[in-house]
Amino acid sequence: ILEIAGVIRKNQDYLVVLGPFSSQRSLVIAPLFNGDHLAFLAPVASDPRLWEAGKYSFTATDSNYPRVRGLAHRLIAAGYRKAGVVVDRDSVLSSSVAGYFREEFEGLGGRVVCDAVFVGTDFSQALARLQAAEPDTIFFSDYRGAVLAQFVNALRDAGMETQVSSQTAPFTRALVTDAGSAAEGLLLSGYYHPDTPRPEVKRYVRR
């Protein structure tokens, strides 16, 4: 991605840069384009730090922070007080979102009793730490439905029925096809489009 950014920066004919899609890659190249005063639009990058990367960086999506804040408030209201946080070791976005969750959850009186990491789809280390800490809720910091499905399956196979929340988009098909009954009870916070013209959506917005 740095090589591509370098090619773009050398060509004065470019006025705007569109992409990439991931927050991780966008955060790497945003400072370069800001330094060149070149407008940079990352269509769906949702890491809150992208808004702070400079006045030439933009994204067309919302920040993860309000959704994670909503999850923390909902968990506290439901009586959960001890959280385990599971983070993808190789993802900048996963780490930053987990940090926002911790800050909000502990600010509301909760306590993070376990920090666990996973690599790829190997959850063995994370499961061992969670079993030892015995949290009453788990925040899985990842946006990918297929990975969350694999995690909850592994969690249930390990005999843990702990409540799980995540910023994973709730309309991800893999949550149903891959997780099956293990998807029941997940607390998710995602996008909602109130301007959709479907009658049931209009009724929901009115209510």
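The following exercises, each with a worked solution, concern a predicted model of a protein.

**Exercise 1.** State how many helices and strands the protein has, and what percentage of its residues count as buried.

*Solution.*
Step 1. The protein contains eight helices and eight strands.
Step 2. Of its 207 residues, 43% count as buried.
Step 3. Along the principal axes, the C-alpha atoms fill a box of roughly 60 × 45 × 35 Å.
Step 4. Among contacts with a separation of 6 or more, 57% are between residues 24 or more positions apart.

**Exercise 2.** Describe how helices α1 and α2 pack, and determine which residues make the contact.

*Solution.*
Step 1. Two packed helices are described by the angle between their axes and the distance between the axes.
Step 2. For helix α1 (residues 2-10) and helix α2 (residues 23-35), the angle is about 15° and the axes are 10 Å apart.
Step 3. Angles under 35 degrees count as roughly parallel. Helices α1 and α2 are therefore roughly parallel to each other.
Step 4. The crossing of α1 and α2 is right-handed.
Step 5. Helix α1 contributes Leu2, Ala5, Ile8 and Arg9 to the contact, while α2 contributes Val28, Ile29, Leu32 and Phe33.
Step 6. Of these contact residues, seven are nonpolar, none is polar and one is charged.

**Exercise 3.** Work out the strand order of the sheet that contains β1, β2 and β3, and identify its edge strands.

*Solution.*
Step 1. The three strands form an open sheet with the order β1-β2-β3 and parallel pairing.
Step 2. Strands β1 (16-18) and β3 (57-59) are the edge strands, since each pairs on one side only.
Step 3. From one strand to the next, the twist averages 20°.
Step 4. Three bridges join β1 to strand β2 (residues 39-42) in the parallel sense. Valine 17 stands opposite phenylalanine 40 in β2.
Step 5. Helix α2 lies across β1, β2 and β3, and runs at about 165° to β2.

**Exercise 4.** Explain why one side of β5 and of β8 is left without a neighbour in the sheet.

*Solution.*
Step 1. Five strands form an open sheet in the order β5-β4-β6-β7-β8, with parallel pairing.
Step 2. Strands β5 (111-118) and β8 (187-188) stand at the edges and have a single partner strand each, so one side of each lacks a neighbour in the sheet.
Step 3. Strand β4 (residues 82-88) pairs with β5 in the parallel sense over seven bridges. The bridge partner of valine 85 is aspartate 115 in β5.
Step 4. Helix α6 (residues 145-157) lies across β4, β5, β6 (137-141), β7 (163-166) and β8, running at about 165° to β7.

Key. Residues numbered from 1 in each chain as written. Predicted model: local features only at pLDDT ≥ 70, side-chain atom pairs only at ≥ 80, totals over all residues. Heavy atoms only, no water. Axes fitted to C-alpha atoms, helices over the stretch in contact; angles between N-to-C directions. Helix = DSSP H or I, 4+ residues; strand = E, 2+ residues; numbered from the N terminus. Parallel < 35°, antiparallel > 145°, perpendicular 65-115°, else oblique. Left-handed = near helix turned anticlockwise from the far one by under 90°. Contact = heavy atoms within 4.5 Å. Nonpolar A, V, L, I, M, F, W, Y, C, P; charged D, E, K, R; others polar. Pairing = 2+ DSSP bridges. Buried < 20%, exposed > 50% of the residue type's maximum accessible area, 1.4 Å probe, protein only.
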